[in-house]
Amino acid sequence: FIKDWNMMFLGVLIVGIICNLQVFFCIESPKYYLIKKDIKAAKKSLKSLAALTNSILDIDALVLTDTKKAEGRKTSPFYPIERAFGSIQNFLWKPLCKFTYGYL
């Protein structure tokens, strides 16, 4: 059984920071770029995904066409805020623990 609860909360804090930092290194979805009608960025994203999976694809010869499926689809206007929220939450966790539990 855990006798020192401070170490448990510190462990959760460290894991949370690591999990939220990976968000900034994720590759954007090609579908997101296609909805935004940015074909060059979509192809660049596909190249990055192909490199991760060691796939041999000729993405430059790939023709991306609009099938009108994304016509009424909207993306969130708060996307940058949602992406950064995890990191902001981690930075707020430390003062909250200090105030509540009196450590850190």
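Helices are DSSP runs of H or I with at least four residues, numbered from the N terminus. With that in hand, the exercises below work through a predicted model.

**Exercise 1. State how many helices and strands the protein has, and in which pattern they follow one another.**

Solution. Begin with the count, which comes to 4 helices and 0 strands. Next, read along the sequence, where the pattern that appears is α-α-α-α.

**Exercise 2. Find what follows α3, and describe its backbone and its surroundings.**

Solution. Step one is to look just past the helix: α3 is followed by N54, and the phi of N54 is positive, near 55°. Step two is to check the residue type, since N54 has this positive value although it is not a glycine. Step three is to place N54, which sits in the loop between α3 and α4 (79-101). Step four is to classify it: an exposed residue has over 50% relative accessible area, and N54 counts as exposed because its relative accessibility is 68%.

**Exercise 3. Carry out the corresponding steps for K37, asking where it is found and whether it is buried or exposed.**

Solution. K37 is found in the loop between α2 (30-35) and α3 (39-52). Its phi is near 65°, which is again a positive value in a residue other than glycine. With a relative accessibility of 60%, K37 counts as exposed.

**Exercise 4. Compare the span expected for α3 with the distance between its end C-alpha atoms.**

Solution. The helix has 14 residues, and at 1.5 Å a residue it should span 20 Å. The expected span uses one less than the number of residues, so the multiplication starts from that reduced count. In the model the end C-alpha atoms of α3 are 20 Å apart, which agrees with the expectation.

**Exercise 5. Name the buried residues of α3, and then examine S45 in detail.**

Solution. The buried residues in α3 are A41, A42, S45 and A50. What covers the buried residues of this helix includes α2. Turning to S45, which lies in helix α3, we apply the cut-off for buried residues, namely under 20% relative accessible area. S45 has a relative accessible area of 4%, and therefore it is buried. Finally, once the neighbours within four places in sequence are left aside, the residues in contact with S45 are I27, E28, S29, P30 and Y33.

**Exercise 6. Determine which residues make the nonpolar surface patch of about 430 Å², and follow I17 as one of them.**

Solution. The patch is made by I17, L21, F24 and F25. Of these, I17 lies in helix α1, which covers residues 5-21. A residue needs over 30% relative accessible area to belong to a patch, and I17, with 34%, is partly exposed.

**Exercise 7. Decide how many disulfides the model has, and describe the exposure of C19 and C26.**

Solution. A disulfide requires a pair of cysteine sulfur atoms within 2.5 Å, and by this rule the count comes to 0. As for exposure, C19 is partly exposed, with a relative accessible area of 45%, and C26 is also partly exposed, with 42%.

**Exercise 8. Describe the protein as a whole through its burial, its contacts and its surface.**

Solution. First, of the 104 residues in the protein, 14% are buried. Second, among contacts between residues at least 6 apart in sequence, 52% join residues at least 24 apart. Third, the protein exposes about 8600 Å², and carbon and sulfur atoms supply 67% of that area.

Methods:
Residues are numbered from 1 along each chain as its sequence is written. This is a predicted model: local features need pLDDT of at least 70, side-chain atom pairs count only at pLDDT 80 or more; totals for chains, interfaces and linings use all residues. Side-chain values use heavy atoms; hydrogens and water are left out. Patches are made of residues with over 30% relative accessible area and no salt bridge: like charges are joined within 9 Å, nonpolar side chains (Val, Leu, Ile, Met, Phe, Trp, Tyr) within 5 Å. Accessible areas come from the Shrake-Rupley method with a 1.4 Å probe; for residues, only the protein chains shown count as cover. A salt bridge is a side-chain nitrogen of Lys or Arg within 4 Å of a carboxyl oxygen of Asp or Glu. Helices (H or I, at least four residues) and strands (E, at least two) are DSSP runs, numbered from the N terminus. Buried means under 20% relative accessible area, exposed over 50%, partly exposed in between (1.4 Å probe, protein chains only). Contact means heavy atoms within 4.5 Å.
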